[in-house]
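Thanks for making the time today; I would like to walk you through one structure slowly, starting with a single spot and then moving on to a helix and its partner. Please have a look at it on the screen before I begin.

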Amino acid sequence: YKRQITSYVSLAGIAQAWLVRGDHVRAQRLLEQAVAIEPSYEVAYMALSRLWLEVGDNQRALSVLTDYLADHPGSAGACQQTMLILQRLGHNRAAREMGQHAVRLLEARCLEREAAAVQDLLATL
């Protein structure tokens with residue numbers, strides 16, 4: 001019999017490999033499956049956002065993350081990526097606010113080095 005991969009972690013990992021190879025169609029399909037199986041899996045959303053960035057759809061990349069953050073506001077990684085997309089779109093004030101939120105989340109987790117890196121990025125906005 002044929003075994004199928006159903007783990008959302010495996011699906012997201014394979015999708016990321018397809019992203020590296022430039023196969024956005026396969027990557028998107030697998031990432032959407034991963035999200036359907038586990039809607040709180042941050043890695044899948046981050047990869048899906050990256051996919052949209054790679055194909056030049058910055059607004060959709062942002063939408064993926066803002067939808068995720070609506071349900072998971074404590075995700076520092078999603079906040080950081082959202083900050084970078086907002087900056088790319090020229091929304092510097094919103095990018096600063098998102099970055100400051102990311103810094104607070106990282107500091108609350110005692111991730112001082114990561115918080116300092118975001119602070120450095122904020123200084124450039």
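**A loop, a helix and a buried threonine**

Let me start with C110, which sits in the loop between α6 (92–108) and α7 (112–123). Please keep in mind throughout that what we are looking at is a predicted model. The phi of C110 is near 60°, which is a positive value in a residue other than glycine. Is C110 buried or exposed? Its relative accessibility is 64%, and because the cut-off for exposed is over 50%, C110 counts as exposed.

From that loop I turn to helix α1, which runs over residues 8–21 and so has 14 residues. At 1.5 Å a residue one would expect these to span 20 Å, and the C-alpha atoms at the two ends of α1 are indeed 20 Å apart, so the expectation and the model agree.

Which residues of α1 are buried? They are L11, A12, A15 and L19, and since these cover an arc of only 95° around the axis, they lie on the same side of α1. On the face of α1 turned away from that buried side we find the exposed residues V20 and R21. Just after α1 comes G22, which takes a positive phi of about 85°.

What, then, covers the buried residues of α1? The cover includes α2 (24–37) and α3 (42–54), and I will stay with α2 for a moment. In general, two packed helices are described by the angle between their axes and the distance between the axes. For α1 and α2 the packing angle is about 160°, and their axes are 8 Å apart. An angle over 145 degrees counts as roughly antiparallel, and therefore α1 is roughly antiparallel to α2. The crossing in which α1 passes α2 is left-handed.

If you look at the side of α1 that takes part, Y8, L11, A12, I14, A15, W18 and L19 meet residues of α2. On the α2 side of this contact the residues are H24, R26, A27, L30, L31, Q33, A34 and I37.

Finally, as a counterpart to the cysteine I began with, consider T82, which is placed in helix α5 (residues 76–88). T82 has a relative accessible area of 1%, and because buried means under 20%, T82 is buried. Leaving aside residues up to four places away in sequence, T82 touches L62, L65, T66, L69 and M98.

Conventions
Residues are numbered from 1 along each chain as its sequence is written. This is a predicted model: local features need pLDDT of at least 70, side-chain atom pairs count only at pLDDT 80 or more; totals for chains, interfaces and linings use all residues. Side-chain values use heavy atoms; hydrogens and water are left out. Helices (H or I, at least four residues) and strands (E, at least two) are DSSP runs, numbered from the N terminus. The expected span of a helix is 1.5 Å times one less than its number of residues. Buried means under 20% relative accessible area, exposed over 50%, partly exposed in between (1.4 Å probe, protein chains only). The arc is that of the directions from the helix axis to the C-beta atoms. Contact means heavy atoms within 4.5 Å. Axes are lines fitted to C-alpha atoms, for helices over the stretch in contact, and angles run from 0 to 180 degrees between N-to-C directions. Angles under 35 degrees count as roughly parallel, over 145 as roughly antiparallel, 65 to 115 as roughly perpendicular and the rest as oblique. A crossing is left-handed if the near helix is turned anticlockwise from the far one by less than a right angle, and right-handed if clockwise.
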